[in-house]
Structure formats: C-alpha cells, structure tokens
Amino acid sequence: MNSVKEGYYYLSTHEWVKQESDTTFLVGISDFAQHALGDIVYVALPEVNDNVKQGERFCDVESVKAVSDVYSPVSGTITEINTSLEDSPELLNQDPYGVWIMKVEGSLDTSGLLDSAAYTLHLENEH
Amino acid sequence: MKTTALTPWHESHHAKMIDFFNTLLPVHYETGIIAEHEAVRTHAGIFDVSHMGQLLFKGEAALNQARLVLSQDIDAMVKNQVKYGFILREDGTMVDDVLCMKTCDDEVLVIVNGANIDKVMAYLDQRFSGSSLVENDSDFYSVIAFQGPLTQTLIQSIVPTPLDYYTFVHGTFNGVEMFVSRTGYTGEHGYELIMANKDAQKVWEMLLNLSEHVIPCGLGARDSLRLEAGMPLYGHELNDDLTPLDVNLGIFVPKHRRHLFGLEERKPRFKRIGFVLNDKAIPREGYTLTQHGQNVGVVSSGTFSVTLKRGIAMAIINADVNLEETIECVIRNKSYSIEIIKLPFIKK
C-alpha cells in the first residue's frame, strides 16, 4: 500500500514528476493519490500547448465518490497528453507510476518538490 | 467516535474506513466501489449498516405518540408489514425518513437514519414535553443489508419461507434471533437483517459463507446503488426545511393524515428530479441548475453511474420550472444540458 517510487519528485498534494530528458518531464499521480481517490472513472485532460505552472491545477480526476484537482509539479508547455486515459481512466489506479497524464517541455525546479525520501516521510506524518 | 460490532472485521479485511456522522464505517474494501456496485447488481453483497437506529413504540400510550409524528397509518398496517414514511413536524417538515415495522399489535419498531437518532429523540422529547415514551434500542442492535439478485435463493437456507416485498419475519434462524425484512436501499431484490450486536459477526460470516458470489460492500457502493435506484437520502434530497410534498414523496403521507402535519392545503415549493449528463462530466452535490440563465435548483446527490457509465444526479428544483425547456447544470464554470429521466435510473 502507498508505495513511493524512487527517482521521482513529488508535490505534497500527491502528484509526481519524472525527468524523461533534459527538458521533458512526465507527470502523474502517486499510489497514495489513487488509493485515496478510489476507482477513477473520468479524467478531464488538459490540452496540448497549454502552459502549466508548478503548484497550479492542470486537470481534474473524478472517482465514483468525488472530484479532485490535480496540480502540476513542473512549469512549462504541454507537448503530449495521455489520451488512453479518455477511455481507460482506471489505468491510473492500476499503474500509478507507469501511467502519466501529461508530458511537459520545460524546466524543473526541485526546491518546491519532495524527493522520494521526503515524500515517504510526508505520507507518514500527514496520514 | 462510535464503532459497530463489525468494525474489527472491516479493519482486519483492509476496508477503507470513514467517520460517517460519528460512526466508523467502511466506504469500500480492497475490491473498490465499482466491483462492489456491480456485485450487487449481478450477484450479491452485504453491507454493515449498524449506524441505523431502532426506536421502539411499545404499548397503547406510546403508539398514540407514534400516531402523531409518523406519516404512516400504523393502524392500517398488519403485523409483519413494513412501511416507508417520515417523522414529521406539525408544519410538515421532515425530521427523518423512516421504515416502520409492525412488530406486534401494540408495538412498532421504527428504523431511523444513524445521523438523525439524537435529533429524532430530542424532537420527540420536545414534542411530548419531556414525556416521550419511545425506547431507543439503537445501541443494542446491528443491521446487515443483504442485497442482489442471488439473495432470493440464498436466503432460503436462513429463512425458508419466501417473504413478500416490505414484509418481515422475527424468529431464531440458524441459532440467531433476528428480524429479516424484505427491504433495501439498492433497487435489487434483498433483505435487511437486524440482530443483537453480539450476533452480528456470526450473521455476517453466515451470509458470506452462503456463496463465493457474496462480497462485503461499503457505503460508497450503497450510495451509488441507491442513487441509481432513485432513492432519496436524508441530508441530501430530504432535510429539516422540506416537506414530503416538496420532493415528490407525498404518496407516503396518506391523505387522511395530512391535517396532522399542516399538509392538507400546502402546495409543493420544489420538485425532485433525476437527470443524466450525456457529456463526460459528473454532476455533484451542490452544483447549480439554471434555465434561461436563472438559478432554478441545486444538485442534491450526484455520482458516476456504474451501470449507465454516465453522470447521474437527483436535484431539487423550483416547483414552477418548465421541464420541457432546457435546463443546464453548471460544472466548474461550464454549462451542460441535462436530460431529465423519470426515476429510478435503473428499472428492475
């Protein structure tokens, strides 16, 4: 339960970012987030070319019970969205660290983020 | 916070627990809401609903009080019958919605919402000037709902005689004294079993062992099932300011009893509707409904329908709204046309 993946950076609101190349980043939600949401039934995806800012909402995820904001851990421009989530939102439950929501071209400021050790501690302290 | 007799079982089976109006109850197990919901629609599920309260009106004097506050005509009920209705104030507003079970000729057992037990007790106390004769047995009983198409056959190994809809039996079944009533909150064939707390785990496991197709379900699936079945929930479709007439439930207040609650002449101020969204959006409680740019109502319960694979909701709208003209639901600053559906959403 509530695994944390090494090599990823996290927001305290349970989103992750993973560096793919020097300037491209993948963004998704953590195992804790998908557990807390329960069965995910709909992802309101952002659009390619939208600008995102670290700490700001970029999409929302709906479970049977509730709707939740998802915040971006990185600033930049969206170059790709994971369209498979349109028909299979449950992929976020099944493989939270393998399934990304958006790909962002930009730069990563890790000072506002938690590394895996800090995020693990955050989960222990907060919950 | 209160627990139930089954709390240790839920926790040892990794249920996600929440504080539901001061009772610790499972929202879902590891199976998740969708699988639990589908199990009840296709096979069978069990729910711990021990937060529900049991109020006993015993003896003629207590029944006389019941006659003044219950919408149901208890004198028209036969023994072993169950009737849905309300505890009403003299102005017709709803203190709670309740099931009334006629347990004896001079006794009714009234099942109230867990969140409303204290409020109902306080209301009765005030209404009868400190001389309320009701007995609150809520801490003594556990309640397990056994719901789904398979229950019709499976129940026979516990209660061999078939039960008609909205009737119950009381007796000792497989060594446990209980009430078994053919009622439920899912829209499926099902039963609700009421037993002493000490027997709850035995009954829970008895039901689970009837078939591998019986799975434990939490409040999440209970809510999505009842919403598909178009059933109101106190605190959402019903509240202290509304009368049954305001939410299209006047049928549960017999005409000859309406004068007791000031409902003879009263006109509905609102109506309760069901709707679906044909876009990929989910209406949630509190969202606004508009017509020609004017606010005309509010969503009282909304969810993703596991069966219809769409957003569904119930809403309370002004009585004078023209349902023939487009109504929109505002979701995150965007308006979506709603399609009104005659309740229930799932017809069985």
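**Reading a predicted two-chain model**

Guide: Welcome! In this predicted model, buried residues make up 43% of the 127 residues in chain A.

Visitor: What pattern of helices and strands does chain A follow along the sequence?

Guide: Start with the tally: chain A has 4 helices and 9 strands. Their order is β-β-β-α-β-β-β-β-β-α-α-β-α.

Visitor: What radius of gyration would a compact globule of 127 residues have, and what does chain A have?

Guide: The rule of thumb puts a compact globule of 127 residues near 14 Å, and chain A agrees, with 13 Å. Along the principal axes, the C-alpha atoms of chain A fill a box of roughly 35 × 35 × 20 Å.

Visitor: What share of the contacts in chain A comes from residues 24 or more positions apart?

Guide: Take the contacts with a separation of 6 or more; 64% of those in chain A join residues 24 or more positions apart.

Visitor: How many residues does each chain bring to the contact between chain A and chain B?

Guide: Chain A gives 8 residues and chain B gives 12. The chain A side holds 4 nonpolar, 1 polar and 3 charged residues.

Visitor: Into which domains is chain B divided?

Guide: Domain 1 covers 7–48 + 139–228, domain 2 covers 53–136 and domain 3 covers 269–341. In chain B, the C-alpha centres of domain 1 and domain 2 lie 24 Å apart.

Visitor: How many residues of domain 1 of chain B are in contact with domain 2 of chain B?

Guide: There, 11 residues of domain 1 are in contact with 10 residues of domain 2. Strand S10 (residues 168–173) of chain B supplies the largest share of the domain 1 side, 3 residues. By class, that side has 6 nonpolar, 5 polar and no charged residues.

Technical notes
Residues are numbered from 1 along each chain as its sequence is written. Chains are lettered from A and ligands numbered from 1 in the order in which they are written. This is a predicted model: local features need pLDDT of at least 70, side-chain atom pairs count only at pLDDT 80 or more; totals for chains, interfaces and linings use all residues. Helices (H or I, at least four residues) and strands (E, at least two) are DSSP runs, numbered from the N terminus. The radius of gyration is taken over C-alpha atoms; the globule rule is 2.2 Å times the number of residues to the power 0.38. A residue is buried if 20 or more other C-beta atoms lie within 10 Å of its own, exposed if 12 or fewer, and partly exposed in between; C-beta atoms are placed from the backbone. Two residues are in contact if their C-beta atoms, placed from the backbone, lie within 7 Å. Ala, Val, Leu, Ile, Met, Phe, Trp, Tyr, Cys and Pro count as nonpolar, Asp, Glu, Lys and Arg as charged, and the others, Gly among them, as polar. Domain bounds come from an automatic or database domain assignment.
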